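Hi everyone, thanks for coming. I'd like to walk you through one structure today, with an eye on cysteines, rings and a threonine. Let me put it up on the screen.

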Amino acid sequence: MEFQSIEKKWQKAWEDKKIFHAKEDSKKKKFYNLEMFPYPSASFLHMGHVRNYTIGDVIARFKRMQGFNVLYPMGYDSFGLPAENAAKKSGIHPKKYTEDAIKKITEYFKAMGNSYDWSRTISTHEPEYYKWNQWFFLKFLERGLVYRKKAPVNWCHECKSTLANEEVVDGCCWRHETTKVEQKELEQWFIKTTAYADELLKDLDKLNWSDRLKHLQRNWIGKSDGLLFSSPVKGSDIILQTFSTHFEAFKADTFIAIAPDHPLLQKLLDGVKNKNEILEFCKKIIQKRKTQKEPEIEGIFTGRYTIDPVGNGELPIWVTSFAIADYGTGIVKCSAHDQRDFEFAKKHNIRLKAVLVPQDPALRKKVENFEICYTDMKNGLLTEPKEFTGKKAGPARQEIIDYCAKQNLAKQTTNYKLRDWLISRQRYWGTPIPIIYCGKCGAVPVPEKELPVLLPEKVDFKVQGNPIASATSWAETKCPKCKSPAKRETDTMGGFVDSSWYFLRYCSPKEKKLPFTKKAVDYWMPVNQYIGGIEHAVGHLIYSRFWTKVLRDMKLLNFDEPFAALFNQGIVYKDGHKMSKSFGNVVYQTDISEKYGIDTARVFLMSVGAPESDMEWSDSGVEGAFRLLQKISKIAELKFKKPDAKDDHKRNILIKNYTQLLETLKFNLAIIELARYADYLAENPTREGYETLLTLLSPFAPHTAEELWHEIRNKSFVSVEQWPAVDEKAISKEIEQQEQILEKTIEDMRRIIKIVNKAPKKIYLYAIPKELDLYKSLKETLQKEFSAEIEVWANNNIRKYDPEHKAEKAKPGKPGIYIET
RNA sequence: GCGGGGAUAGCGAAGCGGUCAAACGUGCUAGAUUCAGAGUCUAGUGGCUUAGUGCCUUCGUAGGUUCGAAAUCAACGAAAGUCCUACUCCCCGCACCA
């Protein structure tokens, strides 16, 4: 088979003629279609990738043919650890390693035949790109959105670098799934994502994203309203802040729980005689958290008390395993009206107090005797404070907030789980952070006109720690302010900075003076269709949204959200596992393209199920897709006839249904429609029909369609052919009905023949008079179908031949049938 | 615990109020073409039944609720993978979250 030459031929022709190059054109409606750009790995693409990028390409091609001005670029997220690790291992410089990988992967991408505009390609490791990361960093710094802070941060000892919260999965590094992330106290750069927490949450409503994904983000942002209580510690100047969302029964609080890894703990324990024992205990709990999925609830008394601000007296402070340093303030006021607190108190004989009771007196007794824990903050009745005695807790919530505020007992606050974004990485292969440390002036930003701060190329990868630090001549510089000797920041930015705005760069990839041209961005953005895996739900997709909002406030953009619609493709499985090297179940692009051609892979991947659902790879399924393309190819060899009404009907109904299915991304169903029509065309070949078929096929099987398009002597590119319009007038109800009747009749005849179990010599049909002409018109088709002579009679014709009185069975839409053998 | 998605014939997968014994693909069976195979084509693929348009049983399990038809009104009746409720199982997020 010659698919390989066909594929190459058309890929080259498309590129030579630049038919997929996008140009701003204010007269045309734009459509920005984008797949999440990949890290350029030198390994082959497997079917999971092919599926993902095919979905994008089908959309791009379809929209383009529909007359949209389509921007469909591809580029590389080319900073990252693999290149650096390769350098350590084999001595290849990350730059060379990356650029070689880009060359290779670009070849694989091109071999898929996707209609990317390659003239807009970007790679984030190029100074022309990362210069703007630095520029944004400085701008954000000016706006107070970047700051440096000493804080406990996530540390992966495999990466030998810090990680953002979003890069920690199940307590492990996202790149090293079995490596537990440790906490280290380090001075690091942060971006203030929390400044936009509320807006990030609110604007989710605007987006055409899946509920699941929105939910993930909502969860991650984790907004909750509550009260912040400040409790002074007895005999100390420490004030403990506690945060409660279920504060209705605040008069019941009888003890305080603090997280074992809470920063205040050390100070709190000063002067406590069993301090070391307590700290030992804390270590143990922290250790357990790392190793156990659901560690048991444990705690130890600190020997200290708070003086409760709301008049609950002195509350003992306990270190407990269930308090989390990261959530709220890391300290909780505990009471009898929380299941966990209740159980903990009982276990450790801590005093309890009930101020929330059910209506039922018997039940109330049990609650007051602490036999059961009552937590109904909606319907429970309050007994304290006295202003609220007898009131239902739920409706009183707001009043309690007001009450506490008025009495200065607590402050209403909103808490977010979202943390500021830690961007410092102690790695070489990333964007240098444009900061200079001066003994006198402190951390001084590199002046804008000195950007980019180029990544030094001559570094020693064999050293311990960050290789960049070995570039001493680079690191040693002068303070931009006072000109005294100073040192450059040797940390680089995490890769998510690169991917937070790359979609803007595609709009004007060659722009030199700014990260992007405003005019181009105004025209192309926002991305109409973004395609990628759900695993980026809380990382990249939050950062990009944040970045967009900041740029909007900098007046660089005039929209709030970068990705109007987001599509999460399903996963490709084989033998019950996600396709991946570690399972050894990978089917590569080349495995299929060499045997069947890439179009077969594309058609199969699009036909097996809805694009958003997971799918199982099947070798026999591929054969089916291959057969379909073969079948379609063979039609080109047939002699075309002039189309009749039925041909027009069939063709137009196909266009109508098919277009509808593509609009709704039901690619699997669209391919079925196409296959059905191909069967029809094989029997009733018309040029119009075939051209339509090829046009509609071209998004899925672009090379095959292009080749056949030229085989029937067309000169243009079907890839940019106009999408056919539906001629509603050609769609006929009668033809549709006739079709159905024909099918039904054939089915009946077959059944009888099967029962008779002999080849028919002659078949007689007895139609009701009204339908006589209809059946006469079907005669020829039926004769062909059964290769037997057929006679059609009116059922009331007295001269008819009807030895078995089958005419009596005739009904509207159902002829009587007599089969002679 | 919270949330999202599922469960349909051997497998994959449509259908999401009546036209459903359930599209399409794959697998399997039979027939045709062929020395044979591959390929291609045709038919069959829940059960029973009749020279057909019939009946029965099925869409995770168990219950429940109805409306409409090519115009209107009234009455009666019948119909659920499809709607509702509960449950079971599977996948995926988040989670001692105060």
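Let's start with a cysteine. C156 is buried, with a relative accessible area of 0%. Please keep in mind that this is a predicted model. C282 also counts as buried, at 2% relative accessibility. So where is the nearest cysteine sulfur to that of C282? It belongs to C334 and is 15 Å away, and C282 is in no disulfide. For the structure, the disulfide count comes to zero, with 2.5 Å between the sulfur atoms as the cut-off.

Now to the rings. How many aromatic pairs does the structure hold? The count is 47. Let me pick out one of them, F37 with Y502. Their ring centres are 3.6 Å apart and their planes are at 5°, so this pair is stacked. For anyone wondering about the threshold, planes under 30 degrees apart count as stacked. What I like about this example is where the two partners sit. F37 is in the loop between β1 (30–35) and α2 (47–65), while Y502 is in helix α15 (residues 502–505), so the pair ties together parts that are 465 residues apart in sequence. As for exposure, F37 is buried at 8% relative accessible area, and Y502 is buried too, at 0%.

Next, please look at Y677 and Y680. Here the ring centres are 6.2 Å apart and the planes are at 25°, so this pair is stacked as well. These two tyrosines share helix α22 (residues 667–683), where they are three residues apart, or about one turn of the helix. Both of them are buried.

There is also a cluster linked by ring pairs. Its members are Y129, W132, W135, F136, F140, Y196, W421, F496, W501, Y543, F546 and W547.

Since many of you care about charges and rings, here are a couple of lysines. K110 has its charged end over the ring of W118, 5.1 Å from the centre of that ring. K333, in turn, lies over the face of F229, and the distance to the ring centre is 4.4 Å.

Last stop, the threonine I promised. T692 belongs to helix α23 (residues 687–697). Is T692 buried or exposed? With a relative accessible area of 4%, T692 is buried. And which residues does T692 contact, once neighbours within four places in sequence are left aside? They are R651, I655 and P724.

That's my tour. Thanks for listening, and I'm happy to rotate the view for anyone who would like another look.

Conventions. Residues are numbered from 1 along each chain as its sequence is written. Chains are lettered from A and ligands numbered from 1 in the order in which they are written. This is a predicted model: local features need pLDDT of at least 70, side-chain atom pairs count only at pLDDT 80 or more; totals for chains, interfaces and linings use all residues. Side-chain values use heavy atoms; hydrogens and water are left out. Rings of Phe, Tyr and Trp (its six-membered ring) pair if their centres lie within 6.5 Å; planes under 30 degrees apart count as stacked, over 60 as edge-to-face and the rest as tilted. Helices (H or I, at least four residues) and strands (E, at least two) are DSSP runs, numbered from the N terminus. Buried means under 20% relative accessible area, exposed over 50%, partly exposed in between (1.4 Å probe, protein chains only). A charge sits over a ring if NZ of Lys or CZ of Arg is within 6 Å of the ring centre and within 35 degrees of the ring normal. Contact means heavy atoms within 4.5 Å.
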